[in-house]
Amino acid sequence: MDRTTFIARLDQIKAAVSKLDAKIYSWEVGEPASIEIVCAIEEKYKIKLPTDFVEIITKVAGKVNIIWSVHENKLFQKQHPQFRELSSGVLQWDIEHYLSEKEYQGYQYYTTHWENMRGLLDFAEVPNGDMILFNLAHPGEKKPVVYLNHDGLYSYPVQLAESFGDYVESLLQIGLVGNEIWQLEKFIQPEPEEKEGKPCVPGAINSECTYALAWRKLIGLL
């Protein structure tokens, strides 16, 4: 995906959610990042960033901060009760946040002290305190995107996509819904479910599932 196509698709989403009387809190698309920043981060953190993440931040945008909400639109919730959980949309990343010493120290701490965080690198925070991360421990140059819940709803990371490119594409197709897990659950196939203390079966946001198709039809993104 190139930058022009990405911005055009975002404009379509903005027009679609505006018809729902959504409030736009942020719609920021930064300039592409330099490969020098990527190399500096990889050297400092002693990691290899996912190849498709690097491609997107260097060719499309190094920072994206998009937030829309229909949370205060009571008429929307009344007219469309089947989508009452879908109150907002978010797409965020910022390559430069890894340059922060606070972020680096946080990464060092949680990967050292928290067993369930080893091999994970966050790239987006969720308003309720959850995190969206790369599973760097997974083999291959592309890495799964996972969701880590902080309040015990899921004991293990829930997979949202097999790669960052898939994550962005699937969210674009459903209007960037989320990013809380309770908004995304019905889009994930298979729907996340822990059994006997074991991790959920790896799934992914599926923009072609029945729930997603009904939502896309409603907002005009079919």
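Reader: Which residues does S207 touch, leaving aside residues up to four places away in sequence?

Author: In this predicted model, S207 touches S170, Q173, I174, A212, L213 and R216, when residues up to four places away in sequence are not counted. The residue belongs to the loop between strand 9 (204-205) and helix 8.

Reader: Is S207 buried or exposed?

Author: The term buried applies under 20% relative accessible area. S207 counts as buried because its relative accessibility is 7%.

Reader: Helix 8 comes after that loop. Which of the residues of helix 8 are buried?

Author: In helix 8 (residues 210-219), the buried residues are Y211, A212, W215, R216 and I219. Viewed down the axis of helix 8, these buried residues fall within an arc of 130°, so they line one face of the helix. The exposed residues T210 and K217 are carried by the face turned away from the buried side of helix 8.

Reader: What covers the buried residues of helix 8?

Author: The cover includes helix 1 (3-18), strand 2 (63-69), helix 4 (74-79) and helix 6 (164-173). After helix 8 comes G220, and the phi of G220 is positive, near 80°.

Reader: Strand 2 belongs to a sheet. In what order do the strands of the open sheet of three stand?

Author: The order is 1-2-3, and the pairing is antiparallel. Strand 1 (23-29) and strand 3 (88-94) stand at the edges with a single partner strand each, so one side of each has no neighbour in the sheet. On average, neighbouring strands of this sheet are turned by 10° against each other, direction ignored.

Reader: How many bridges join strand 2 and strand 3?

Author: Strand 2 and strand 3 pair over seven bridges, in the antiparallel sense. As one example of facing residues, W68 stands opposite G89 in strand 3.

Reader: How should one read the length of helix 5?

Author: The expected span can be set against the distance between the end C-alpha atoms. Helix 5 (residues 101-113) has 13 residues, which at 1.5 Å a residue should span 18 Å; the end C-alpha atoms are 18 Å apart, in agreement. At the start of helix 5, a side-chain oxygen of S100 comes to within 3.2 Å of the backbone nitrogen of K102.

Reader: Which residues of helix 5 are buried, and where do they lie around the helix?

Author: The buried residues are E103, Y104, Y107, Y110 and T111. Seen down the axis of helix 5, they fall within an arc of 140°, so they line one face of the helix. On the face turned away from that buried side are the exposed residues K102 and H113. What covers the buried residues of helix 5 includes helix 2 (35-45), strand 4 (120-125) and strand 5 (131-135).

Reader: Strand 4 and strand 5 lead to another sheet. What is the order of the strands in the open sheet of four?

Author: The four strands have the order 4-5-6-7, with antiparallel pairing. Strand 4 and strand 7 (158-161) stand at the edges, each with a single partner strand, so one side of each is left without a neighbour in the sheet. From one strand to the next, the twist averages 40°.

Reader: Which helices pack on this sheet, and at what angles?

Author: Helix 5 packs on the sheet and touches strand 4 and strand 5; its direction makes about 130° with that of strand 4. Helix 6 also packs on the sheet, touching strand 4, strand 5, strand 6 (145-148) and strand 7; the direction of helix 6 makes about 75° with that of strand 7.

Reader: How are the strands of this sheet joined, pair by pair?

Author: Strand 4 and strand 5 pair over five bridges in the antiparallel sense, and A124 has I132 in strand 5 as its bridge partner. Strand 5 and strand 6 pair over four bridges, again antiparallel, with V146 in strand 6 as the bridge partner of L133. Three bridges join strand 6 to strand 7, where Q159 stands opposite V146.

Reader: Which residues of strand 6 are buried on each side?

Author: V145 and Y147 are buried on one side and V146 and L148 on the other, which leaves both faces of strand 6 covered.

Reader: What surrounds L160?

Author: L160 lies in strand 7 and counts as buried because its relative accessibility is 0%. Its contacts, not counting residues up to four places away in sequence, include V145, V146 and Y147, together with Y167 and I132.

How values were computed:
Residues numbered from 1 in each chain as written. Predicted model: local features only at pLDDT ≥ 70, side-chain atom pairs only at ≥ 80, totals over all residues. Heavy atoms only, no water. Buried < 20%, exposed > 50% of the residue type's maximum accessible area, 1.4 Å probe, protein only. Helix = DSSP H or I, 4+ residues; strand = E, 2+ residues; numbered from the N terminus. Arc of directions from axis to C-beta. Contact = heavy atoms within 4.5 Å. Pairing = 2+ DSSP bridges. Axes fitted to C-alpha atoms, helices over the stretch in contact; angles between N-to-C directions. Expected span 1.5 Å × (residues − 1). Polar contact = N/O pair within 3.5 Å; in protein donor to acceptor, adjacent residues only side chain to side chain.
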